[in-house]
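This report looks at a sheet and at a helix that packs beside strands, working from computed geometry. Please keep the coordinates open while reading.

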Amino acid sequence: MVSVKRISPRSRRRKRRTARAAVLGALIRDHGLQDGIMAELGVFRGDTFFYLLDRFPNLSLVGVDTWEWGARDAKGTGQDDGARSYRESPLPDFEADIRADLPAYGARAAVLKSRTVDAARSYPDRHFDIVFIDADHTYEGVCADITAWRGKVRPGGILCGHDIDMPSVRAAVTESLAGWFCPGEVIWAYRVPEYGVAAP
Ligand SMILES: C[S@@+](CC[C@H](N)C(=O)[O-])C[C@H]1O[C@@H](n2cnc3c(N)ncnc32)[C@H](O)[C@@H]1O
């Protein structure tokens, strides 16, 4: 009899580690945030989420995603090329797989099924060491996430995100955050000033 080895979602994800996650990991390490509190806005299949949990054993990470098709972008269309519709992706399966893997990480890993802007209200200001924005990629969506989440990052922490090569993302980041930089792999990053709040 031939035995068929089941490949767990977690093992599959491990094979899909991306350059994006590696650059994000380097950003976290270079700023000494590896033992900190982080939020990932837009989790999708969990590739980056679990990469970071595996890479940094003392990192606490909350992932926020609706895992729902359709009207999730700021314009409400769900089809904007900036928002991406994810119609081909089994989003509910991704959510179930991620939740099944969460217990292995104990209290330091959590997910919130919510629109990102709504989820921001669940946390006090300056709660996070780093927030990674990778959800609604429309101009309006990125602006809304920056507005909602910037104050949730402590002074000296990092607000960052993905897809700075997209015109919608680039415009939102450039208009909202003076002094942002690109550590690589189309990631944008902004260090929240230590003292006072810098004008955008
Ligand atoms: C590009 S994927 C995230 C990829 C993930 N960060 C990674 O690195 O593997 C974008 C995700 O954001 C979610 N999303 C889009 N707009 C959202 C919103 N307004 N609130 C919550 N989730 C949203 C989508 O469901 C999708 O799973």
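## The sheet and helix 2

In this predicted model, 7 strands form an open sheet with mixed pairing, and their order is 3-2-1-4-5-7-6. Strand 3 (109-113) and strand 6 are the edge strands, each of which pairs on one side only, and from one strand to the next the twist averages 20 degrees. Strands of a sheet pair through backbone hydrogen bonds, either parallel or antiparallel. Strand 2 (residues 60-65) pairs with strand 3 in the parallel sense, over 5 bridges, and Leu61 stands opposite Ala109 in strand 3.

Helix 2 (residues 19-30) has 12 residues, which at 1.5 Å a residue should span 16 Å, and the 16 Å between its end C-alpha atoms agrees with this expectation. The buried residues of helix 2 are Ala21, Leu24, Leu27 and Ile28. Seen down the helix axis, these buried residues fall within an arc of 120 degrees, so they line one face of helix 2. The face turned away from that buried side carries the exposed residues Ala19, Arg29 and Asp30. After helix 2 comes Gly32, whose phi is positive, near 65 degrees.

The elements against which the buried residues of helix 2 pack are listed below.

| Element | Residues |
|---|---|
| Helix 3 | 47-55 |
| Strand 4 | 128-133 |
| Strand 5 | 153-162 |
| Strand 6 | 181-184 |
| Strand 7 | 187-191 |

The buried residues of helix 2 thus pack against strand 6, which is also one of the edge strands of the sheet.

Terms used:
Residues are numbered from 1 along each chain as its sequence is written. This is a predicted model: local features need pLDDT of at least 70, side-chain atom pairs count only at pLDDT 80 or more; totals for chains, interfaces and linings use all residues. Helices (H or I, at least four residues) and strands (E, at least two) are DSSP runs, numbered from the N terminus. The expected span of a helix is 1.5 Å times one less than its number of residues. A residue is buried if 20 or more other C-beta atoms lie within 10 Å of its own, exposed if 12 or fewer, and partly exposed in between; C-beta atoms are placed from the backbone. The arc is that of the directions from the helix axis to the C-beta atoms. Two residues are in contact if their C-beta atoms, placed from the backbone, lie within 7 Å. Two strands pair if DSSP finds at least two bridges between them. Axes are lines fitted to C-alpha atoms, for helices over the stretch in contact, and angles run from 0 to 180 degrees between N-to-C directions.
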